Amino acid sequence: MIKFAFVLADGSRQEVEGRDGDTVMQVAYDNGIEGVAAECGGSMSCGTCHVFLDQATFDRIGAPTENEIDMLDLVPSDRHATSRLSCQIRIDAAFAGADVNVPESQF
Ligand code: FES
């Protein structure tokens, strides 16, 4: 299992574990993380699964695709330099120890 943490807008932290190959969105759903709405279920058409990563993790994992970047341009919540769509991040060993920050609102 791969351990990482969600950091909510109020600063609270929830440690979670996911399986290799899970998406961050799926792990959020499985752990009842509030603030990751993921309304389209992972088909990259809603942008409501937006999160932003700690810089080291963002640099360590693969870069977002052009399609993901295009969708990130449309998210209503505050965009950061390390923003990602949680449905597009498949976790593996490189994701261990990540801080996944959840925006205050996805809408
Ligand atoms: S769940 Fe809709 S874009 Fe990720």
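**Exercise 1. Find which residue of β4 is the bridge partner of H50, then place the two strands.**

Solution.
- Step 1. In β4, H50 has L85 as its bridge partner. The model is predicted.
- Step 2. H50 belongs to strand β3, residues 50–53.
- Step 3. β3 and β4 are joined by three bridges and run antiparallel.

**Exercise 2. Work out how β1 pairs with β2 and with β5, using F6 as a marker.**

Solution.
- Step 1. Strand β1 covers residues 2–7, and β2 covers residues 13–18.
- Step 2. Six bridges link β1 and β2 in the antiparallel sense. F6 has Q14 as its bridge partner in β2.
- Step 3. Turn to β5, residues 99–101. Three bridges join β5 to β1, and the two run parallel. Here F6 stands opposite V100.
- Step 4. Look at the link between β1 and β2. They form a hairpin with five residues between them. In the turn, G11 has a positive phi of about 90 degrees.

**Exercise 3. Give the order of the strands in the sheet, and name those at the edges.**

Solution.
- Step 1. The five strands are ordered β2-β1-β5-β3-β4 in an open sheet. The pairing is mixed.
- Step 2. β2 and β4 (83–85) stand at the edges. Each has a single partner strand, so one side of each lacks a neighbour in the sheet.
- Step 3. From one strand to the next, the twist averages 35 degrees.

**Exercise 4. Decide whether β1 is largely enclosed, and check C49 and C87 for burial.**

Solution.
- Step 1. Buried means under 20% relative accessible area.
- Step 2. In β1, five of the six residues are buried, so the strand is largely enclosed by the rest of the structure.
- Step 3. C49 has a relative accessible area of 3%, so C49 is buried. C87 is at 8%, so C87 counts as buried.
- Step 4. Now count disulfides. The structure holds zero.

**Exercise 5. Describe the protein chain as a whole, from its pattern to its overall dimensions.**

Solution.
- Step 1. The chain has three helices and five strands. Along the sequence they follow the pattern β-β-α-β-α-α-β-β.
- Step 2. Compare radii of gyration. For 107 residues, a compact globule would have one near 13 Å. The chain has 12 Å, which agrees.
- Step 3. The C-alpha trace spans about 30 × 30 × 25 Å along its principal axes.
- Step 4. Of the 107 residues, 44% count as buried.
- Step 5. Take contacts between residues at least 6 apart in sequence. Of these, 65% join residues at least 24 apart.

Definitions and conventions: Residues are numbered from 1 along each chain as its sequence is written. This is a predicted model: local features need pLDDT of at least 70, side-chain atom pairs count only at pLDDT 80 or more; totals for chains, interfaces and linings use all residues. Side-chain values use heavy atoms; hydrogens and water are left out. Buried means under 20% relative accessible area, exposed over 50%, partly exposed in between (1.4 Å probe, protein chains only). Helices (H or I, at least four residues) and strands (E, at least two) are DSSP runs, numbered from the N terminus. Two strands pair if DSSP finds at least two bridges between them. Axes are lines fitted to C-alpha atoms, for helices over the stretch in contact, and angles run from 0 to 180 degrees between N-to-C directions. A disulfide is a pair of cysteine sulfur atoms within 2.5 Å. The radius of gyration is taken over C-alpha atoms; the globule rule is 2.2 Å times the number of residues to the power 0.38. Contact means heavy atoms within 4.5 Å.
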